[in-house]
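Subject: Structure for your review

Dear colleague,

I am handing over the structure below, and I would be grateful if you could read it alongside the notes that come after it.

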There are 2 protein chains.
Amino acid sequence: MTLAQRKPSSSQPATLSERLLDQLQDAIVEGDIASGEKLREPELAKRFGTSRGPLRDALRRLEARRLVTTTPNAGARVVALSNEQLIELFEVREGLEGMTARLAATSMTDQQLEDLEELLMLHAREVGRKKGREYFRQHGDLDFHFRIADACGNELLRHAVCVDHYQLMRMYRFKHSARKGRPHRALREHRRILEALQDRDGELAEILMRRHIRASRDAFETQLHEEALG
Amino acid sequence: MTLAQRKPSSSQPATLSERLLDQLQDAIVEGDIASGEKLREPELAKRFGTSRGPLRDALRRLEARRLVTTTPNAGARVVALSNEQLIELFEVREGLEGMTARLAATSMTDQQLEDLEELLMLHAREVGRKKGREYFRQHGDLDFHFRIADACGNELLRHAVCVDHYQLMRMYRFKHSARKGRPHRALREHRRILEALQDRDGELAEILMRRHIRASRDAFETQLHEEALG
DNA sequence: ACCCCGAATATTGTCGACAAAACGGCCTCT
DNA sequence: AGAGGCCGTTTTGTCGACAATATTCGGGGT
């Protein structure tokens with residue numbers, strides 16, 4: 001089975017509501033709709049050429065993915081994406097993705113491990129070529145963290161990481177470009193995690209994943225500090 | 001701002017959709033609607049005396065809480081709640097609640113710690129009186145795990161634990177009554193976690209919480225094994 | 001000048017009806 | 001007898017209109 005067949009995520013949305021979900025999600029994640037902006041149903045419905053029914057459906061799903069917050073009788077807003085919320089996201093990811101790494105060590109197939117190794121080699125070339133700028137913009141199948149969660153063998157966990165919290169993380173990456181030098185370090189940390197997975201050492205894989213996410217968070221906080229100073 | 005204002009969770013649902021959410025949730029968690037059952041919109045709308053609009057809204061929210069699964073053009077079903085899925089839930093909880101315990105150690109107020117200690121004393125009396133049967137049926141504010149997540153100071157994490165996964169856990173408790181003796185052990189483990197929190201030792205609190213959840217899981221698996229044998 | 005209050009407007013919540021898709025039963029053909 | 005296709009029924013997806021609630025803007029009072 002090829003990779004394309006295994007994941008029908010790229011298939012066309014069967015329903016209007018799902019297409020709206022994709023479109024709105026991209027618009028929010030990529031910043032076309034500003035962070036914190038009010039989402040008025042009539043306006044959006046007209047803009048996307050549908051009625052309010054499917055639109056409300058899409059908004060509810062976006063709420064599940066943490067991209068909008070809804071208050072009764074007052075409508076929906078794009079999530080704030082404050083620095084505090086991003087720190088919160090790092091903490092959630094540390095708990096969740098630590099566990100994905102632990103489980104992936106025993107549930108990933110040899111083929112999946114080979115594919116993952118190949119991905120890291122691809123990333124190495126990208127980092128070298130583009131000075132590491134675009135490394136963090138990879139998403140979905142091209143994202144190291146996504147791949148591990150996707151193969152951890154626990155559907156509930158996979159959903160929490162790859163659906164519920166993933167788009168928020170992607171949104172963060174769009175707003176904050178990584179600091180110089182961080183991509184190289186991140187790549188080294190990814191390699192070490194891969195080695196632990198190849199050794200089928202779940203305990204170590206979890207420790208390394210958690211340290212890796214903490215390092216990302218530290219880099220983010222350092223960046224904030226530098227920006228605050230000048 | 002007082003605590004009562006901060007948490008209007010006990011307030012009446014402002015909208016029909018929210019009331020439906022509560023009613024359906026209870027019906028599913030308490031077993032009135034069987035696990036795996038098909039949820040037909042016209043039937044449910046008639047049963048609860050509303051139209052299909054708010055009902056669909058409620059179903060979407062239940063999907064976010066893992067209580068129903070929806071497939072396009074094929075409708076919604078109550079979650080399966082197989083033994084495998086329950087194991088998955090234990091694994092998610094270990095990652096998530098481990099982190100809540102770590103954070104709670106630094107973010108809980110002295111008052112909250114006192115309240116938590118009081119709760120455990122209440123639980124001790126309950127376990128002694130009712131032979132521990134009802135201990136695991138406590139929920140919401142009366143649940144030790146819920147309280148810790150609620151006070152961990154990370155809203156994203158709190159939501160993941162207390163909203164997204166909590167009802168599924170409650171559903172498990174309704175179906176599988178705890179083994180004899182487990183409540184006493186669980187209570188002891190809860191006390192140790194509380195001690196770590198009182199010491200403001202986040203690292204230890206996380207370790208103890210994870211071991212506690214793993215112990216619950218082990219008890220569950222043992223129970224399964226015994227049932228399988230006879 | 002500031003605050004409070006009320007009407008006008010805009011937005012959300014709810015409903016019933018229509019269109020499209022899936023499901024089920026029946027018949028035919030091999 | 002079993003498999004496969006056809007047709008009626010049921011269920012889901014979508015739409016537009018109405019009701020209820022929030023928001024905004026302007027006026028009056030202190």
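The notes below deal with the DNA contacts, the strands of both chains, and two individual residues.

This is a predicted model, in which local features need pLDDT of at least 70 and side-chain atom pairs count only at pLDDT 80 or more, whereas totals for chains, interfaces and linings use all residues. Residues are numbered from 1 along each chain as its sequence is written, chains are lettered from A and ligands numbered from 1 in the order in which they are written, and side-chain values use heavy atoms, with hydrogens and water left out.

DNA strand D is surrounded by 17 residues, of which the closest are A:Thr15, A:Leu16, B:Arg40, B:Arg52 and B:Arg56; a residue is near the strand if one of its heavy atoms lies within 4 Å of it. Of the atoms of DNA strand D that come within 4 Å of the protein, 72% belong to sugar and phosphate. By class, this surface has 5 nonpolar, 7 polar and 5 charged residues, where Ala, Val, Leu, Ile, Met, Phe, Trp, Tyr, Cys and Pro count as nonpolar, Asp, Glu, Lys and Arg as charged, and the others, Gly among them, as polar. At least two residues of the surface are supplied by each of helix H2 (16–29) of chain A and, from chain B, strand E1 (38–39), helix H3 (41–48) and helix H4 (52–64); helices (H or I, at least four residues) and strands (E, at least two) are DSSP runs, numbered from the N terminus.

Three phosphate contacts can be named. An N or O atom in the side chain of A:Thr15 is 2.8 Å from a phosphate oxygen of DNA strand D, a polar backbone atom of A:Ser51 is 3.2 Å from a phosphate oxygen, and a backbone N or O atom of B:Asn73 lies 3.0 Å from one.

B:Asn73 also appears in the strands of chain B, being in the turn of the hairpin that E2(B) and E3(B) form with 3 residues between them, with a positive phi of about 65 degrees. Strand E2 (residues 68–71) of chain B is joined to E3(B) by 4 bridges and runs antiparallel to it, with B:Thr69 opposite B:Arg77; strands pair if DSSP finds at least two bridges between them. E1(B) and E3(B) are likewise antiparallel, over 2 bridges, and B:Leu39 stands opposite B:Ala76. Along E3(B) the side chains alternate, B:Ala76 and B:Val78 pointing to one face and being buried (under 20% relative accessible area, 1.4 Å probe, protein chains only), while B:Gly75 and B:Arg77 point to the other face and are not buried.

In chain A, an open sheet of 3 strands has the order E1-E3-E2 with antiparallel pairing, and its edge strands, E1 (38–39) and E2 (68–71), each pair on one side only.

Turning to single residues, B:Glu41 lies in helix H3 of chain B and is buried, with a relative accessible area of 17%. Its side chain makes a polar contact (a pair of N or O atoms within 3.5 Å; within protein, one must be able to donate a hydrogen and the other to accept it, and residues adjacent in sequence count only if both atoms are side-chain atoms) with the side chain of B:Arg56, at 3.1 Å.

A:Gln112, in helix H6 (residues 110–129) of chain A, is partly exposed (between 20% and 50%) at 24%, and a polar atom of its side chain lies 3.0 Å from the backbone nitrogen of A:Thr109.

With best wishes
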